[in-house]
Amino acid sequence: MQMQLQQLRYFLAVAETRHFTQAADNLDVSQPTLSKQIHTLEQSLGAPLFERIRGAVALTVAGETLLPLAQRMVADADAAREAVQDIVGLRRGDVRLGATPSLCSSLVPEVLRTFRAEHPDIQLYVNEGSSQDLIENLLAHTLDLALIVQPDEGVDPALTAMPVLRESLVVASAFDRPPPTSYAQIALSELEHTPLVMFRAGYDIRGVTLEACRQAGFTPKFAVEGGEMDAVLAFVEAGLGVALVPSMVLANRPLLRATPLAPPGMRRTIALAHRKRSVLPHAAEALRTTLLAHVATEELPSGVRPL
């Protein structure tokens, strides 16, 4: 027979009050119930815990030995329950989110601002990287969620990827320079002789841009290459060239103009990915809910639509 946590609580109540009736009142149970549980605990331990001397209740040697152990066991159990309740109730915990650089500079800050206001005690960790790197991080269990550009061939079978946005790519150019075309839209082939500001190797957009130019029948001319998202946009603002970028990143860039691509244009699907066989931590599930609600209810920039 094993000790039960409730029996230890009854034992501590009697040890504190040195009175069965008062302990039962404090616990809001009947005295026979309390006495029975104490008796059961004594049987499981093989020794009496209390003795009655002239109407008073005193601890036996076994009771004195059990007292500090029972106090520690009950305190540990209470602490464990409180810790779990904190996590379930989103009073504590952390969430690890991965996102591509373009999303870290556009969608993610707004989502995290809303999430932080609703759950101020949750610790947020953000990993910025290419879609392939983020997928590898998910598989390595170093991320809970990742916003990725959905590959045409799909993601690893161990992951699930839910499409959340469809985003157009546009040609970004400096407002204080002549536009890349005199028309409302521009064909990709018109950029054959226009210097491009190109992302570093490993960026999702770099590969997409190079392949699109190849299909359009030309090899692009680079004004400068090797930058991260913020650097590329700054180079375009400085008039070094134009860049093919996701439309969302231009939402707060008043020094840049966006010229849509002529049909069929270029689009990409943003998906929210996580491990298929893992239950999301409560904090990660809350962030997922916040992100989906933001996409569904907030006004999105031109060229972006929810899925």
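This section describes the pockets, salt bridges and nonpolar cores of a predicted model.

The largest pocket holds about 580 Å³ of space. Its lining comprises 21 residues. Those nearest the pocket centre are Val149, Gln150, Pro151, Asp152 and Val208. Three elements give two or more residues to this lining: helix H7 (131–139), helix H8 (204–215) and strand S11 (267–275). By class, the lining of the largest pocket has eight nonpolar, seven polar and six charged residues.

The second largest pocket holds about 390 Å³. Here 19 residues form the lining, and Ser106, Leu107, Glu110, Ala251 and Asn252 lie nearest the centre. Helix H6 (107–118) and helix H9 (229–237) each supply at least two lining residues. H6 gives the most, with five residues. The class counts for the second largest pocket are eight nonpolar, five polar and six charged residues.

Charged pairs were examined next. Side chains of opposite charge can pair when their charged atoms come close. Nine salt bridges are found in the whole structure. One of them joins the side chains of Glu167 and Arg268, at 3.1 Å from N to O. This pair links distant parts of the chain. Glu167 sits in strand S6 (residues 159–174) and Arg268 in strand S11, 101 residues apart. Both Glu167 and Arg268 are buried.

A salt bridge also joins Arg200 and Glu228, with an N to O distance of 2.7 Å. Again, distant parts of the chain are linked, the two residues being 28 residues apart. Arg200 lies in the loop between strand S7 (196–199) and H8. Glu228 lies in the loop between strand S8 (222–227) and H9. Arg200 has a relative accessible area of 27% and is therefore classed as partly exposed. Glu228 is likewise partly exposed, at 38%.

Within helix H8, the salt bridge is between Arg214 and Glu211, whose closest N and O atoms are 2.6 Å apart. Arg214 and Glu211 are separated by about one helical turn, because they are three residues apart in this helix. Arg214 is exposed, with a relative accessible area of 53%. Glu211 is partly exposed, with a value of 32%. Elsewhere, Asp230, Glu237 and Arg253 are linked in a network of salt bridges.

The nonpolar interior was analysed last. In soluble globular proteins, nonpolar side chains tend to be buried together. The largest nonpolar core of this model contains 28 residues. Leu103, Leu147, Leu165 and Leu287 touch the most other members. Several elements give two or more residues to this core: strand S3 (94–99), helix H5 (101–104), H6, strand S5 (145–149), S6, S11 and helix H10 (282–297). H10 provides the largest share, six residues. Leu103 touches Val108, Pro109, Leu147, Met248 and Ile270, with residues up to four places away in sequence left out of the count. Another core lies apart from the largest one. This second set has 21 residues, among them Phe20, Phe50, Val57 and Leu66.

Some elements recur across these features. Strand S11 gives two or more residues to the lining of the largest pocket, carries Arg268 of the buried salt bridge, and gives two or more residues to the largest core. Helix H6 contributes to the lining of the second largest pocket and to the largest core.

Definitions and conventions: Residues numbered from 1 in each chain as written. Predicted model: local features only at pLDDT ≥ 70, side-chain atom pairs only at ≥ 80, totals over all residues. Heavy atoms only, no water. 1 Å grid on protein atoms, 1.4 Å probe; cavity = no way out; pocket = protein on both sides within 12 Å on 5 of 7 lines; lining within 4 Å. Points joined across faces, edges and corners; volume = space filled by probe spheres on them. Helix = DSSP H or I, 4+ residues; strand = E, 2+ residues; numbered from the N terminus. Nonpolar A, V, L, I, M, F, W, Y, C, P; charged D, E, K, R; others polar. Salt bridge = Lys/Arg side-chain N within 4 Å of Asp/Glu carboxyl O. Buried < 20%, exposed > 50% of the residue type's maximum accessible area, 1.4 Å probe, protein only. Core = buried A, V, L, I, M, F, W, Y, C linked by side-chain atoms within 4.5 Å. Contact = heavy atoms within 4.5 Å.
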